[in-house]
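Hi there,

Here is the structure I promised to pass on to you. Have a look at it first, and then read my notes underneath.

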Amino acid sequence: MWNGLVGVAKETYTASLGEGVVPSPLMMPLVRGELVGLIWVRPLKVGQDALAGIAELANIAAAAGADEVVLAWETHDVATACELPIAGPAPCLNMALATPAGHVLHQFPYTEQLLSRSPEGWASVAPDWRSAPAPQPGSELVPPIQTAVNFSFTPIELDHPDPFGVTVVLMEEDGYRISLAEAFAR
């Protein structure tokens, strides 16, 4: 399953960077080894809104009763959006595999190969994946990612017959892009 999730993240990065866009942070919650779906962060404003928006990715995992989550983000993009120092390699696709017992950080650094530049100055690039460092169990995560990990395993208490369904609807209304796996689709 892990290799498949890494493959999805790398394919997403390759496609998005080719269109001149850095993919937004992504969460992939799992319940008993089954993928719940893919949740991309909503459009963010720099600063506190970005910190909150990334942390709120946890809502779907918590509502689904996830026992495992994978978060993916780009080092420089999250640091810039959250006004944090750049920690770790950049550019780099980071993926944290987390359970209630802890997490492991996987980093996939890359260099950017310029494909084209638009008249407005936007660059279309292709990632040239470099050697990945060894997985880092328990390593420090940037604050909004750590918060998302922490809250992913905190049950959501909603007085509603379908807390998962209502959480999905509310998050979609807030601008999160959600693609649920068939088993979890409403």
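Below is what turned up in it, grouped by region. Please keep in mind that this is a predicted model.

Let me begin with the charged groups. The structure holds two salt bridges, and Arg 42 is a good place to start looking for them. You will find Arg 42 in the loop between strand S3 (37-40) and helix H2 (48-55). One salt bridge joins the side chains of Arg 42 and Asp 49, at 3.0 Å from N to O. The other pairs Arg 42 with the side chain of Glu 56, at 3.7 Å from N to O. That second pair links distant parts of the chain, since Glu 56 sits in the loop between H2 and H3, 14 residues apart from Arg 42. Through shared partners, Arg 42, Asp 49 and Glu 56 form one network of salt bridges.

How buried or exposed are these three? Arg 42 has a relative accessibility of 12%, so it counts as buried, the limit being under 20%. Asp 49 is partly exposed, with a relative accessible area of 26%, and Glu 56 is also partly exposed, at 28%. Arg 42 has a further partner in Tyr 176: their side chains make a polar contact of 3.5 Å. Leaving out residues up to four places away in sequence, the residues that Arg 42 touches also include Ala 52, Gly 53, Asp 174 and Gly 175.

Next, the nonpolar interior. As a general point, nonpolar side chains in soluble globular proteins tend to be buried together. Here, the largest nonpolar core has 34 residues, and those with the most contacts inside it are Leu 57, Ile 60, Leu 71, Trp 73, Phe 164 and Ile 178. Helix H3 (residues 58-64) gives the largest share of this core, five residues. Apart from it lies another core of 17 residues, including Val 6, Leu 38, Trp 40 and Met 95. If you click on Ile 178, its contacts beyond four places in sequence are Leu 38, Ile 39, Ile 60, Val 168, Met 171 and Glu 172.

Now for the aromatic rings. Which residues make up the one aromatic pair in the whole structure? They are Tyr 110 and Trp 129, arranged edge-to-face, with 5.2 Å centre to centre and 65 degrees between the planes. Tyr 110 belongs to strand S6 (residues 102-117) and Trp 129 to strand S7 (residues 123-129), so the pair ties together parts 19 residues apart in sequence. Tyr 110 is buried, with a relative accessible area of 1%, whereas Trp 129 is partly exposed, at 24%.

Two rings also have a charge over them. The charged end of Lys 10 sits over the ring of Trp 129, 5.0 Å from its centre. Likewise, the charged end of Arg 177 sits over the ring of Trp 40, 3.9 Å from the ring centre.

Finally, please look at Ser 152, which is in helix H5 (residues 143-152). Ser 152 counts as buried, at 1% relative accessibility. A polar atom of the Ser 152 side chain lies 2.6 Å from the backbone oxygen of Ala 148. Not counting residues up to four places away in sequence, Ser 152 touches Met 27, Ala 58, Ala 61, Ala 62, Ala 66 and Val 69.

Enjoy exploring it!

Best wishes

Note on methods: Residues are numbered from 1 along each chain as its sequence is written. This is a predicted model: local features need pLDDT of at least 70, side-chain atom pairs count only at pLDDT 80 or more; totals for chains, interfaces and linings use all residues. Side-chain values use heavy atoms; hydrogens and water are left out. Helices (H or I, at least four residues) and strands (E, at least two) are DSSP runs, numbered from the N terminus. Buried means under 20% relative accessible area, exposed over 50%, partly exposed in between (1.4 Å probe, protein chains only). A polar contact is a pair of N or O atoms within 3.5 Å; within protein, one must be able to donate a hydrogen and the other to accept it, and residues adjacent in sequence count only if both atoms are side-chain atoms. Contact means heavy atoms within 4.5 Å. A nonpolar core is a set of buried Ala, Val, Leu, Ile, Met, Phe, Trp, Tyr and Cys residues joined through side-chain atoms within 4.5 Å. Rings of Phe, Tyr and Trp (its six-membered ring) pair if their centres lie within 6.5 Å; planes under 30 degrees apart count as stacked, over 60 as edge-to-face and the rest as tilted. A charge sits over a ring if NZ of Lys or CZ of Arg is within 6 Å of the ring centre and within 35 degrees of the ring normal. A salt bridge is a side-chain nitrogen of Lys or Arg within 4 Å of a carboxyl oxygen of Asp or Glu.
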